[in-house]
Amino acid sequence: MDFDRSKHNVIKYLPTNNDENIWSMSISGIGFQSIDSKDSYPLKGHPIGYTFNPERGRIIDEFALVYIIKGEGTFSSITCPEKRLSKGDAFFIFPGQWHSYQPKPNIGWDEYYVTFHGDYFEYLLNKIVNNANPIFHIGINDQIVKHFGEMLDCARAQRTGFQAVLAGIVMHTIGLIYSISKNQDSGSASMQKIQEACVLMRENIYDKFTPEDVAESINMSYSNFRKSFKQYTGIAPHQYMLQLKLSKIKDLLSSTDMSIQDIAMKLNFESADYFSYFFRSKTGINPLSYRKEIEKQREKAQKNLH
């Protein structure tokens with residue numbers, strides 16, 4: 001079963017602020033693109049300097065990290081001859097270096113990306129990335145996908161200090177990629193299937209997506225999938241999906257002004273009443289009380305800053 005992720009495409013470019021002077025790190029862009037086999041690449045919505053013709057390539061003045069979680073394609077640069085990319089590959093782009101990459105036209109791909117610059121990043125990446133082959137074959141990793149999701153949420157909200165938060169997540173993500181690569185820890189074939197399942201659940205949290213759908217998507221029988229998933233994660237697929245929903249509810253309650261009704265609809269609850277019952281059964285508090293408590297804590301923190 002193949003699911004259309006194009007409605008989740010996000011292209012977000014960010015302003016810099018004084019945090020860059022303090023932390024010597026800045027994040028300029030973050031996004032997710034789902035490229036269908038018939039789509040042109042890259043998608044529209046990128047500012048001048050970031051869009052490019054894959055046949056001619058481009059040069060940018062910052063670093064970029066791209067993580068492919070579906071599909072196939074190619075990458076090449078002035079220091080790296082053309083190499084094949086497939087799902088589970090991450091690669092780095094260096095400032096001032098010609099490069100080009102694109103999905104295969106008849107296959108497409110799904111990618112997360114982040115662009116960034118700063119002295120810390122430059123020192124680190126010059127130490128751990130081989131310019132002659134800047135591709136890391138790390139496999140599908142739910143934690144890395146989670147980090148990209150956190151960055152996208154942070155970029156949307158742009159709360160005070162967001163650049164520092166984004167820089168910290170990028171550093172953590174780079175560290176995780178390095179660790180997986182060094183330890184050759186992408187996991188067995190069955191573990192990779194479960195990691196892929198976790199990513200599918202996370203990315204389709206707003207859709208009517210069942211554990212049975214997940215099993216079909218990764219070409220496993222549901223009974224084998226459920227057994228393997230529980231063995232790997234410690235909980236059943238359905239419970240894992242509920243945990244993801246609960247985490248997303250907390251995020252929406254604390255970072256948006258969406259009504260309870262709208263959040264319930266967005267996450268496909270059958271009613272606002274059942275949504276409230278679900279939240280209260282998991283947290284011991286109703287959604288409105290939770291939101292008020294978060295607002296109190298935020299106000300208290302702001303007062304302590306002055």
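# A tour of the predicted model, from helix α4 outward

Select Q163 to begin; Q163 is found in helix α4 (residues 162-183). Helices (H or I, at least four residues) and strands (E, at least two) are DSSP runs, numbered from the N terminus. This is a predicted model, in which local features need pLDDT of at least 70 and side-chain atom pairs count only at pLDDT 80 or more, while totals for chains, interfaces and linings use all residues. Residues are numbered from 1 along each chain as its sequence is written, and side-chain values use heavy atoms, with hydrogens and water left out.

**Stop 1: Q163 and I27**

Is Q163 buried or exposed? At 1% relative accessibility, Q163 counts as buried. Buried means under 20% relative accessible area, exposed over 50%, and partly exposed in between (1.4 Å probe, protein chains only). Now add I27 to the selection: the backbone nitrogen of I27 lies 2.8 Å from a polar atom of the Q163 side chain. A polar contact is a pair of N or O atoms within 3.5 Å; within protein, one must be able to donate a hydrogen and the other to accept it, and residues adjacent in sequence count only if both atoms are side-chain atoms.

**Stop 2: helix α3**

Show residues 142-157, which make up helix α3. The end C-alpha atoms of α3 are 23 Å apart, which agrees with the 22 Å that its 16 residues should span at 1.5 Å a residue. The expected span is 1.5 Å times one less than the number of residues.

At the N-terminal end, select N141, which caps α3: a side-chain oxygen of N141 lies 3.0 Å from the backbone nitrogen of Q143. After α3 comes Q158, with a positive phi near 50°. Buried residues of α3 include I144, V145, F148, M151 and L152.

Next pick R156 and D153. They form a salt bridge, with the closest N and O atoms 3.0 Å apart. A salt bridge is a side-chain nitrogen of Lys or Arg within 4 Å of a carboxyl oxygen of Asp or Glu. Both residues lie in α3, three residues apart, about one turn of the helix. R156 is partly exposed at 47% relative accessible area, and D153 is partly exposed at 25%. Add K248 and D251 to see the network of salt bridges that links them with D153 and R156.

**Stop 3: strands β3 and β4**

Which way do β3 and β4 pair? Strand β4 (residues 83-86) pairs with β3 in the antiparallel sense over four bridges; two strands pair if DSSP finds at least two bridges between them. A hairpin of five residues joins β3 to β4.

Select E72, which stands opposite S86 in β4. E72 also forms a salt bridge with R84, the closest N and O atoms being 3.4 Å apart. R84 lies in β4 and E72 in β3, so the pair ties together parts that are twelve residues apart in sequence. E72 counts as partly exposed, at 22% relative accessibility.

Move on to K87 and E196, whose side chains meet in a salt bridge (3.0 Å, N to O). This pair links distant parts of the chain: K87 is in the loop between β4 and β5, E196 is in helix α5 (residues 189-203), and they are 109 residues apart. E196 is buried at 19% relative accessible area, whereas K87 is partly exposed at 40%. The structure holds seven salt bridges.

**Stop 4: the aromatic rings**

How many aromatic pairs does the structure hold? It holds 22. Rings of Phe, Tyr and Trp (its six-membered ring) pair if their centres lie within 6.5 Å; planes under 30 degrees apart count as stacked, over 60 as edge-to-face and the rest as tilted.

Select Y41 and W109: their ring centres are 5.8 Å apart and their planes at 85°, so the pair is edge-to-face. Y41 is in the loop between β2 (25-35) and β3 (63-77), and W109 is in strand β7 (residues 109-118), 68 residues apart. Both are buried, Y41 at 12% relative accessible area and W109 at 1%.

Then select F91 and Y101, with ring centres 5.1 Å apart and planes at 65°, so this pair is also edge-to-face. F91 lies in strand β5 (residues 89-93) and Y101 in strand β6 (residues 99-103), and both are buried. Add F52 and F75: with Y41, F91, Y101 and W109 they form one aromatic cluster.

**Stop 5: charges over rings**

Finish with K266, whose charged end sits over the ring of Y206, 4.4 Å from its centre. K245 lies over the face of F269, at 5.0 Å from the ring centre. A charge sits over a ring if NZ of Lys or CZ of Arg is within 6 Å of the ring centre and within 35 degrees of the ring normal.
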